[in-house]
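Welcome! Here is a short briefing for anyone opening this structure for the first time. Have a look at it below, and then we can go through some of its details together.

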Amino acid sequence: MAEHLVMVIFGGAGDLAGRMLLPALYSLYKDGNFSASFSIIGVGRTARSDESYRAFAASAVKKYFKDGYRPNQAAAFARHLHYLTGSVDDDAFYGSLRECLDQLLPSGEAHRANLAFYLAVPPRLVPVIVAGLHKFSLCRAMPNAKLIFEKPFGHDRRSAEALNRQILGAFDEQQIFRIDHYLAKETVQNILFFRFGNNIFEPIWNTRYVDHVQITVAEDIGVEQRGAFYEDVGVIRDIVQNHLMQVLAMVAMEPPAGFEPDLVRDEKVKVFRSLRRMDARHAREDTVLGQYGPGRIGGRPVRGYRSENHVSPSSHAPTFFAGKFHVDNWRWTGVPFYLRTGKRLPRRTSEIYIEFKKLPLRSFGKACGPMPPNGLALSIQPQETIRLILTVKYPGMGNAPSQVSMDFDYGKSFRVKPRPVYERVLFDFIRGDLTLFPRQDAVDMTWAVLDPVIKFWEAHPPARFPNYAAGTWGPREAFRLMARDGRAWRFSGEGPG
Ligand SMILES: NC(=O)c1ccc[n+]([C@@H]2O[C@H](COP(=O)([O-])OP(=O)(O)OC[C@H]3O[C@@H](n4cnc5c(N)ncnc54)[C@H](OP(=O)(O)O)[C@@H]3O)[C@@H](O)[C@H]2O)c1
């Protein structure tokens, strides 16, 4: 149970707070995770009273909290909410915040408060808020203060370092929670359980048995209302630098000495340290960018990226990425990791696929066709499954090989719905568990790998954009990237666009 919790949500009436944070906090409250004295302070420039903020929260919880909503409990939760009107670039605001905290914390207890600052505001305000909190001694001076904020963590390596220097001027690394909400998904966390909780896979989880690894994060949606954001960011900064790199690290890392946050994070950083750096030649040969044109998804026509709202009709922002990476260490040398992500692909799916090496000998002779390799598919969404792909004999007189699978399905095995990711994010944040939050050295090293790729493509934008039709698995070049190595993407049924 979290004692003396005071959470300040900057942007407390924004979209993220209304749709995700307040319903998740209500759920944690409902399950008895907070002591009676907790307080939540929403912050924003729009003038609101405590009462109107409570009404906002109650209706957000009612709308977005789907399971087991109870009006009395929601009303009791809302009584712990307060609202502070002010702009974070105004010094006077921080004076008011201090006063508000002094009122909420019984005298002499401020030093014991679990003081949690959630920055649910546009990224440009992160340095502004950190500077304000620092000036008013609400950072390191408060022993249990913590800061949480969303990606992007910088725009490139240099800006990420500058942002981090500024934050480290105010908070210690142990007080800083950088959210990669993808890591809070049950099935992503299960990667480590699956790997390090089962003795049978560890001996084959290496270059001797693994042929290659594929990681796909596919979305069927386009940029929706985020056109302006996407124009500035593009797919590498939005997905590859964080989600894909973190998943790669979970597949490739060594067993940690324990599950304490820094032991796990140390092992991830070792993977990033072993990732082969790319120069311009590698970027050109081993990575592919794409941008979707008009097409069809689920039988209905959809427009191309350049026709989306707030997008330039001649935009070069990439919405698709495929790349071949190498982890140059003892375990993985010679095993390529193929990463792929994109918008407006045929369906929403995230999967890690490990393909094992082919048999050393066609021991069944010419009477039998070639044996396909074994594979292991860890599906993250929408299905939450683990599938081991095996070869067996097809029934009958002949010697025909046939592929079958052994499946584990989260939903069928446990009949428990996974908790929303923001519940897990907030739960860990409030408890101060940093395991699922990327450390700065990881952020820094993933930028170091991807900066040259981004720079190469910004200097040499692909000539043929858009280069894949919405509803296909990306541009031809992504298929060639695999075919060149005698391999194929696992999902490619609908072919290149
Ligand atoms: N929305 C999502 O689903 C989602 C998902 C993942 C990550 N994120 C990230 O979460 C952050 C917030 O996104 P959002 O969608 O919630 O944005 P939003 O709806 O625009 O909310 C931002 C909030 O910040 C407040 N704000 C803006 N300028 C301020 C200032 N100078 N002083 C005080 N308050 C200020 C606004 O309130 P006032 O106008 O009243 O000041 C507003 O409530 C972003 O970094 C975003 O990338 C959002």
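Let's begin with a charge and a ring: the charged end of R48 sits over the ring of F56, 5.8 Å from the ring's centre. Please keep in mind throughout that this is a predicted model. The points below go on from rings to a buried threonine, then to cavities, a helix and some backbone details.

**Rings and charges**

- R490 offers another case of a charge over a ring: its charged end sits over the ring of Y353, at 5.1 Å from the centre.
- How many aromatic pairs does the count come to? It comes to 31 aromatic pairs.
- Y26 and F77 make an edge-to-face pair, because their ring centres are 5.8 Å apart and their planes stand at 70 degrees, where an angle over 60 degrees is what edge-to-face requires.
- This pair links distant parts of the chain, since Y26 belongs to helix α1 (residues 15-30) and F77 to helix α3 (residues 71-78), with their positions 51 residues apart.
- Are these two residues buried or exposed? Y26 counts as buried because its relative accessibility is 0%, and F77 counts as buried because its value is 1%; the cut-off for buried is under 20%.
- Y26 and F77 also belong to one aromatic cluster, together with Y29, F34, F38, F65 and Y69.

**A buried threonine in a loop**

- To find T319, go to the loop between β11 (300-302) and β12 (320-326).
- With a relative accessibility of 0%, T319 counts as buried.
- Which backbone atom lies 3.1 Å from a polar atom of the T319 side chain? That atom is the backbone nitrogen of Y292.
- Y292 is also one of the residues that T319 touches, once residues up to four places away in sequence are set aside.
- Others on that list include Y230, V235, G290, Q291, Y305 and Y468.
- T341, G342 and K343 are among the residues touched by T319 as well.

**Cavities**

- The count comes to 5 cavities of 30 Å³ or more, and the largest cavity has a volume of about 70 Å³.
- Residues lining the largest cavity include T187, N190, I191 and F194, along with L378, S379 and I380.
- E384, T385, I386, F408 and Y410 are also in the lining of the largest cavity.
- Which elements each supply at least two residues of this lining? They are α7 (186-196), β15 (375-381) and β16 (385-393).
- α7 gives the largest share of the lining of the largest cavity, with 4 residues.

**A closer look at helix α7**

- Helix α7 is largely enclosed by the rest of the structure, because 8 of its 11 residues are buried.
- The buried residues of α7 are T187, V188, Q189, N190, I191, L192, F194 and R195.
- L192 is a good residue to pick out in helix α7: its relative accessibility is 6%, so it counts as buried.
- Leaving aside neighbours within four places in sequence, L192 is in contact with G197, M250, M253, F259 and V264.
- L192 and P23 are 169 residues apart along the chain, and their C-alpha atoms are separated by 28 Å.

**Cis peptide bonds**

- K151 and P152 are joined by a cis peptide bond, with omega at about 5 degrees.
- P152 has its place in the loop between β5 (145-150) and α6 (157-168).
- Q381 and P382 are also joined by a cis peptide bond, and omega there is about 0 degrees.
- P382 lies in the loop between β15 and β16, and β15 and β16 each supply at least two residues of the lining of the largest cavity.

**Positive phi values**

- S137 has a phi near 55 degrees, which is a positive value in a residue other than glycine.
- S137 sits in the loop between α5 (125-135) and β5, and it counts as partly exposed at 38% relative accessibility.
- R415 also has a positive phi without being glycine, with a value near 50 degrees.
- Where is R415 found? R415 is in the loop between α11 (410-414) and α12 (421-431).
- R415 is exposed, because its relative accessible area is 72% and the cut-off for exposed is over 50%.

Technical notes:
Residues are numbered from 1 along each chain as its sequence is written. This is a predicted model: local features need pLDDT of at least 70, side-chain atom pairs count only at pLDDT 80 or more; totals for chains, interfaces and linings use all residues. Side-chain values use heavy atoms; hydrogens and water are left out. Rings of Phe, Tyr and Trp (its six-membered ring) pair if their centres lie within 6.5 Å; planes under 30 degrees apart count as stacked, over 60 as edge-to-face and the rest as tilted. Buried means under 20% relative accessible area, exposed over 50%, partly exposed in between (1.4 Å probe, protein chains only). A charge sits over a ring if NZ of Lys or CZ of Arg is within 6 Å of the ring centre and within 35 degrees of the ring normal. A polar contact is a pair of N or O atoms within 3.5 Å; within protein, one must be able to donate a hydrogen and the other to accept it, and residues adjacent in sequence count only if both atoms are side-chain atoms. Contact means heavy atoms within 4.5 Å. On a 1 Å grid over the protein atoms alone, a cavity is a set of points where a 1.4 Å probe fits but cannot get out, and a pocket is an open set with protein on both sides within 12 Å along at least five of seven lines; lining residues have an atom within 4 Å of a point. Grid points are joined across faces, edges and corners, and a volume is the space filled by probe spheres set on the points.
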